[in-house]
Amino acid sequence: MDKGKLKNIIIIILAAVNCFFAALVIVDAAESASYEKAAYSSLLQALENSGIKVSEETLQNTKPVPLCTFSRDLNREQRQVSSVIGATNASDQGGNIYMYYGKNGQACFRGTGEFEILMENDSVKTGSDPLATAEDFMKKQGAELSAGSAKLKSDNGTIKVTALCSFKGRAIVNCAVDMTFSSKSLLLASGIKPLTDVREDKSTQVIDTATTVMRLLDLLKNKGYACSEITGISHLYKMDVSAAGEGTLTPIWLFATDIGDFYINGVTGKEEIIAQIN
C-alpha cells in the first residue's frame, strides 16, 4: 500500500478514536449533571415534605469543602514575626513555647496557635483605618482576618480590633485575635491563629450536601424545632490543635434559618455548638 494512503488511514483512525472518547466524556458529563439535578430535586422534595423552603440555587451553589491539616514551621514563624518587630533572637521556653526578641518588640508563640506580640517604638502606625492596619499586620503573620467578623471598640484613647481569622475566605470559629491601638500605633496583638503550614487533606472524606441537609432535618426533628425556611448555607472552619503544633481545620456547615443558625460538622455530620465572639 502506498505510504501516503497508509498515513491518511492512520490519521482517520486516530481521529475516530479521539471522537469516540470525546463522546464518552460528553455523555458522562451529561449523565453526572442529570444525576446531580435529580438528587437536588429529591432533596428539595424532602425539605418541602418537612415544611421547609429553600431555593434550588442555594443548594446547588453550596459544595462540600475539604478538611485541612497543618503543622508548625518554626523557621517561617520566626521570619514572619521578624517582619514586624525586626530581626529576632529566638528563645525556646520548653513545652513548644518560643519567645522572640527584636528591636521593635517581643513576642511569644505557642504550639497551640496562641500568640502575643508586644510592640514598641511606635513601629506600626495606627493610620486612618485601624482595621486595615490590623489586616495587614496579621497577613504578615500568615493569617487572614475575616472582615465580616471584625469589631472595633474605642475606650479611653485606645482602639481595640477583634476579629476571627479565616482560611480561603472562610472564618475559623475558634481563632480570634485582639489588637489594641493607641492613637499613634499598635500596642499589642494577641489571640489564636492558624499555624504556618496549612494544606488540604483530600484523603479524609467529607459529607456531601444532601447528607448534611438530611442531618439538619434529623436535628430539627429530634429537638422539636419548627423551621419553615433555610435562608442561607455557607461554610466555616474549626481548628483542633495539640501542644505539639499539629492539627486540623474541620469544615463546618452553617445553615441560616428563620429560627436561628445551626452548625453541622462536615466530617462527622454531628451538630456543633459555636460561640460567637464578643
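# A walk through the chain

Hi everyone. Among contacts in this chain between residues at least 6 apart in sequence, 55% join residues at least 24 apart. Please keep in mind throughout that this is a predicted model.

Some numbers for orientation. The chain has 278 residues, and 39% of them are buried. I count five helices and 15 strands. The accessible surface comes to about 15200 Å², with 52% of that belonging to carbon and sulfur atoms.

Let's begin with strand S1, residues 67-71. How many of its residues are buried? Five of five, so the strand is mostly covered. Leu67, Thr69 and Ser71 point one way from S1, while Cys68 and Phe70 point the other way, and all are buried.

S1 has partners, too. Strand S11, residues 197-201, runs antiparallel to S1 and is joined to it by five bridges. If you want a pair to click on, phenylalanine 70 has valine 198 as its bridge partner in S11. Strand S13, residues 246-257, is also antiparallel to S1, with four bridges joining the two. There, serine 71 is bridged to glutamate 246.

Now helix H3, which covers residues 74-85. Is its length what we would expect? Let me put that better: what span should its 12 residues have? At 1.5 Å a residue they should span 16 Å, and the end C-alpha atoms are 16 Å apart, which agrees. The buried residues in H3 are Glu77, Gln80, Val81, Val84 and Ile85. They cover an arc of only 120° around the axis, so they sit on the same side of H3. On the face turned away from that buried side you find the exposed residues Asn75 and Arg79. And what covers the buried residues of H3? The cover includes strand S3 (97-102), strand S4 (105-110), strand S5 (114-119) and H4.

Glu77 brings me to the charged pairs. A search of the whole structure finds five salt bridges, and I'll show you three, beginning with arginine 72 and glutamate 77. The closest N and O atoms of arginine 72 and glutamate 77 are 2.8 Å apart. Are these two residues buried or exposed? Arginine 72 has a relative accessible area of 14%, so it is buried. Glutamate 77 is at 3% relative accessibility, so it counts as buried as well.

The next pair is in helix H4, residues 130-140. Here the side chains of lysine 140 and aspartate 136 form a salt bridge, at 3.7 Å from N to O. Because these residues are four apart in H4, about one helical turn separates lysine 140 from aspartate 136. Lysine 140 is partly exposed, with a relative accessible area of 39%, and aspartate 136 is partly exposed at 42%.

For the third pair, find lysine 223 and glutamate 271, whose side chains meet in a salt bridge of 2.8 Å, N to O. This pair links distant parts of the chain: lysine 223 belongs to helix H5 (residues 209-223) and glutamate 271 to strand S15 (residues 271-272), 48 residues apart. Lysine 223 counts as partly exposed, at 39% relative accessibility, and so does glutamate 271, at 31%.

Let's move on to a loop residue. Where is isoleucine 52? You will find isoleucine 52 in the loop between helix H1 (3-49) and helix H2 (56-60). Although it is in a loop, isoleucine 52 counts as buried, at 7% relative accessibility. Leaving aside residues up to four places away in sequence, isoleucine 52 touches Leu47, Leu217, Leu220, Cys227, Ser228, Glu229 and Ile230. Another residue to look for is threonine 257: its C-alpha atom is 9.5 Å from that of isoleucine 52, with the two positions 205 residues apart along the chain.

Last stop: the loop between S5 and H4, where asparagine 121 and aspartate 122 are found. What is the phi of asparagine 121? Asparagine 121 has a positive phi of about 65°, although it is not a glycine. Aspartate 122 is not a glycine either, and its phi is positive as well, at about 50°. As for accessibility, asparagine 121 is exposed, with a relative accessible area of 56%, whereas aspartate 122 counts as partly exposed at 33%.

That's my tour. Thanks for listening, and I'm happy to go back to any of these spots with you.

Key: Residues numbered from 1 in each chain as written. Predicted model: local features only at pLDDT ≥ 70, side-chain atom pairs only at ≥ 80, totals over all residues. Heavy atoms only, no water. Buried < 20%, exposed > 50% of the residue type's maximum accessible area, 1.4 Å probe, protein only. Pairing = 2+ DSSP bridges. Salt bridge = Lys/Arg side-chain N within 4 Å of Asp/Glu carboxyl O. Contact = heavy atoms within 4.5 Å. Areas by Shrake-Rupley, 256 points an atom, 1.4 Å probe, with all protein chains shown as cover. Expected span 1.5 Å × (residues − 1). Arc of directions from axis to C-beta.
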